[in-house]
Amino acid sequence: MYETWSELEAACRECKKCELCKTRTNLVFGGGNKDAEVMFIGEGPGEQEDLQGLPFVGRAGQLLDKMLLAIGLDRTKVYIANMVKCRPPKNRDPFPEEQDMCIDWLRNQVYLMKPKIIVCLGRISGMRLIKHDLKITREHGLWFEKNGTLMMATLHPAALLRNPAQKPEAFKDYLALRDKIREICTSTKI
Ligand code: URA
């Protein structure tokens, strides 16, 4: 484990552990507030993220920002990372082997940040980080405890763009997140 963010990020930026390094424009390490109590974990960079080197800056990111704002959050109050740091070609799901190669970077981010709450955006991170048989449609919005960290999965904002009818149901997860933050977080004021 790297003990500082700067060492971790520098090492991660050199990563060539899987084929995705060959097609990336930029590696997307993460973004937001590293001292935050709440961490969001998506799937992997899309086109805009790959071009800009920042997480959730495309259309899905704009929707995420809207939902965060609606519960009093923004990127100064949370940290956002992804399961894989480099864009899978044509936005396909990252292969399990690619996730295996990448997950130690994420583990190290979690180790340095020590978030109180982790929100998995979508089934890819939910199944990998909460439980392998997570049923996102039935179990989104539920809290799971793992090694002292509270975790929840919610529907991926890109899925909500494809199926806007699910937005009200997904937004309940954000309200549950707001309540949980008020209950257990000490420095996140919302
Ligand atoms: N979708 C993700 O899962 N992550 C991003 O950073 C952008 C879109």
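## Terms and model

Helices (H or I, at least four residues) and strands (E, at least two) are DSSP runs, numbered from the N terminus. This is a predicted model, in which local features need pLDDT of at least 70, side-chain atom pairs count only at pLDDT 80 or more, and totals for chains, interfaces and linings use all residues. Residues are numbered from 1 along each chain as its sequence is written, and side-chain values use heavy atoms, without hydrogens and water.

## The annotated region

An unreviewed UniProt entry carries the annotation "domain: Uracil-DNA glycosylase-like" for residues 29-175. Over residues 29-175, helix makes up 42% of the chain and strand 17%. The end C-alpha atoms are 28 Å apart.

## Around the ligand

Gly42, Glu43, Gly44, Glu49, Pro55, Phe56, Asn82 and His156 surround the ligand, each with a heavy atom within 4 Å of it.

In polar contacts (pairs of N or O atoms within 3.5 Å), an oxygen atom of the ligand is 2.7 Å from a polar backbone atom of Glu43. A nitrogen atom of the ligand lies 3.0 Å from a polar backbone atom of Gly44. For His156, a side-chain N or O atom is 2.9 Å from a ligand oxygen atom.

Technical notes: A polar contact is a pair of N or O atoms within 3.5 Å; within protein, one must be able to donate a hydrogen and the other to accept it, and residues adjacent in sequence count only if both atoms are side-chain atoms. UniProt positions are given in the numbering used here, feature names are shortened, and annotations may be inferred rather than shown by experiment.
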